[in-house]
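Here is a short tour of one protein model, written to be read alongside the sequence and the coordinates. Keep the viewer open and follow along.

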Amino acid sequence: MTNSELRADIHSIAPIPDADRDSTGPQQMWIWAGANIAPVNWALGALGIILKLGLWETIAVIVVGNLVGCGIFAAFTVMGHKTGVNQMVLSRSAFGVRGAYLPSVLMFLMTLCWIGVNTYFPVKIAVAILGQFGVPDSWLVEIVVITLVMVLQVGIGVYGFYAIRTFEKYTVPVTVAIMVLMSILAWTRPGVVNWSHASTLPPGAHLAMITLLMTAIGVGWGISWVTWASDYSRFVPKSVSSKSVFWYSYVGMFVPTVWLAILGATIASTTLDTDPAKMVSAVFGGPTSILVLLMVLHGPIATNILNVYSAALAALSAGFNFSRVALAAIVGVAGYLVTLYFIFAPSFAKAFDNWMISLLLWMSPWAGVVLADFFLMRKGKIDVAELYKAPETSAYGDINWSGMIAFLAASLPAGRWKMAWSARCRGPISLNLLGGADLSWLVGIVVSGGVYLALGKRVTSPSSVAASSAGRVIAIDGSSSGIEARQCAVGALGRAIETRPEDCFRRSRDHRDFVRRAG
């Protein structure tokens, strides 16, 4: 393949060949930063104020929650870097070849909703800004804006990874400069921010709301990206350390998410509204509004190009028999319809918060199983070739019931713990012992990971199956013997991040040739 920075992406869900893995740590940072410089994060911060938390505790929730959530997300980027495989195919090691179809389908459907969410905000803001120049706010204007944005983002998503990274690389620095200007204007003008805004909630409800928002706009935000993580880190060469991939991805996710959420919270402390149009009109007008419009229109494009691309990969991982390009086009049409639904929904803020929390009811248990499988059960070693074999012959089997049982076992208590908008949705532990506190994300990860590890003794590792049946062992990328793989195995998550595959798997030319022939 040509080494041109911007080129068509011919890859599907097969492992990325070493020759095509030319992304860098900073490029990964630009990808995740671009995806999160989006107006939706303004509303994330504003939710804390609307749900009656004080300004400073809302800021604390945003920072602390994302410290945890972005760390969980960044751990998943390590998986793709070590294997060259996309995220949903990687989950086959935990759920089985066809068992992984379930999370793949859930991922595909969830992404359609994200496209609608991410397009909703810029449409509302763009219409408000255009109104300052005499363009009337009408359904026709909204349809035109939606159509233009959707066509552009689907086009880039169809073109693939190389177009995505190039778009983010050259547009993110510009949008960061606009963010700086917006922050200065918002935080220095008198009357824009009520820095003394305090909570009006009673003590019990206060704790419940803090943990609810910690889940929805803090930890939950990072977890909501984990199913995308390896789709892009798989393009980073093995010569780059996994530790570098982790931290570049972490910073790219954390900084813009926290920054924009705090900006949204501070503006909402005065406007007391999550309506993005009102937030913009309260601070930004005249020539400044043009710059804000550019950032607003950049947001959904930078985010949804990832959604279009990863949704197609998820569908392919679920066994859909279409090309990546055709699936990306289908995703664009479906996302367009979802956007129309959100635009005309009567109460977006309430629906959005409940939807964010409901995502964790399956994503947290899924994340717990996959983390336990990759970092603890298999010590970061995956037999890549087995992921793509037929269910009847793959070492990972058809359905790994240990993974499925752990996933379902954690989904039930997480759901019982979940605190939503009405008392009938709150779990008894949350209501009776913790004053309504929402720890569903933690329950989902810990319970699913623990159950999976407890059942894991019944799971035979692919390396042992391969060694006994075919006299071969393929670890991580098919380049090492089983003895050296065990000697270099990493146990804890931190060690897995710091260990580079090339440091562990150095063998003689003859042995490498033998392993390749065996694979």
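## An overview of the chain

The protein chain has 24 helices and zero strands. Please bear in mind that this is a predicted model. Of the 519 residues in the chain, 59% are buried. The accessible surface comes to about 19000 Å², and carbon and sulfur atoms account for 67% of that area. Taking contacts between residues at least 6 apart in sequence, 86% join residues at least 24 apart.

## Two helices that pack together

A good place to start is the pairing of α8 and α13. Two packed helices are described by the angle between their axes and the distance between the axes. Helix α8 covers residues 161–188, and its axis comes within 9 Å of that of α13, with a crossing angle of roughly 145 degrees. The crossing of α8 past α13 is left-handed.

Which residues of α8 and α13 meet? On the α8 side they include Phe 161, Ile 164, Phe 167, Val 172, Ile 178 and Leu 185. On the α13 side they include Leu 291, Val 292, Met 295, His 298, Ile 305 and Tyr 309. Polar residues take part as well, among them Glu 168, Thr 171 and Thr 175 from α8 and Thr 288 from α13.

## Two buried small residues

Next, have a look at Gly 80, which lies in helix α3 (residues 55–83). Is Gly 80 buried or exposed? With a relative accessible area of 0%, Gly 80 is buried, because the cut-off for that class is under 20%. Leaving aside neighbours within four places in sequence, Gly 80 is in contact with Arg 21, Val 85, Leu 90, Ser 230, Ser 233 and Arg 234. Gly 80 and Val 245 are 165 residues apart in sequence, yet their C-alpha atoms are 9.9 Å apart in space.

Ser 93 sits in helix α5, which runs over residues 92–95. Its relative accessibility is 3%, so Ser 93 counts as buried. Beyond its neighbours within four places in sequence, Ser 93 is in contact with Asp 373, Arg 378, Ile 382, Leu 387, Tyr 396, Asn 400 and Tyr 452.

## Salt bridges

Side chains of opposite charge can pair when their charged atoms come close. How many salt bridges does a search of the whole structure find? The search finds five, and three of them are set out here.

| Salt bridge | Closest N to O | Relative accessible area |
|---|---|---|
| Arg 165 – Asp 22 | 3.0 Å | Arg 165 4%, Asp 22 26% |
| Arg 98 – Asp 398 | 2.8 Å | Arg 98 39%, Asp 398 27% |
| Lys 389 – Glu 386 | 3.0 Å | Lys 389 32%, Glu 386 5% |

Arg 165 forms a salt bridge with Asp 22. This pair links distant parts of the chain, with Arg 165 in helix α8 and Asp 22 in the segment before α1 (25–36), 143 residues apart. Arg 165 is buried, whereas Asp 22 is partly exposed.

Arg 98 forms a salt bridge with Asp 398. Here too distant parts of the chain are linked: Arg 98 is in the loop between α5 and α6 (101–131), and Asp 398 is in the loop between α16 and α17 (401–417), 300 residues apart. Arg 98 is partly exposed, and Asp 398 is partly exposed.

In the pair of Lys 389 and Glu 386, the side chains meet in a salt bridge. Lys 389 is partly exposed, while Glu 386 is buried.

## Surface and loops

Turning to the outside, Val 105, Leu 109, Phe 320, Phe 322 and Ile 330 make a nonpolar surface patch of about 430 Å². One of these, Phe 320, is in the loop between α13 (287–317) and α14 (324–343). Phe 320 has a relative accessible area of 34% and is partly exposed.

Two loop residues deserve a glance for their backbone. Lys 52 is not a glycine, although its phi is positive at about 75 degrees. Lys 52 is in the loop between α2 (40–50) and α3, and at 47% relative accessibility it counts as partly exposed. Lys 379 has a phi near 55 degrees, again a positive value in a residue other than glycine. Its place is in the loop between α15 (348–377) and α16 (384–387), and at 32% relative accessibility Lys 379 counts as partly exposed.

Key. Residues are numbered from 1 along each chain as its sequence is written. This is a predicted model: local features need pLDDT of at least 70, side-chain atom pairs count only at pLDDT 80 or more; totals for chains, interfaces and linings use all residues. Side-chain values use heavy atoms; hydrogens and water are left out. Helices (H or I, at least four residues) and strands (E, at least two) are DSSP runs, numbered from the N terminus. Buried means under 20% relative accessible area, exposed over 50%, partly exposed in between (1.4 Å probe, protein chains only). Contact means heavy atoms within 4.5 Å. Accessible areas come from the Shrake-Rupley method with a 1.4 Å probe; for residues, only the protein chains shown count as cover. Patches are made of residues with over 30% relative accessible area and no salt bridge: like charges are joined within 9 Å, nonpolar side chains (Val, Leu, Ile, Met, Phe, Trp, Tyr) within 5 Å. Axes are lines fitted to C-alpha atoms, for helices over the stretch in contact, and angles run from 0 to 180 degrees between N-to-C directions. A crossing is left-handed if the near helix is turned anticlockwise from the far one by less than a right angle, and right-handed if clockwise.
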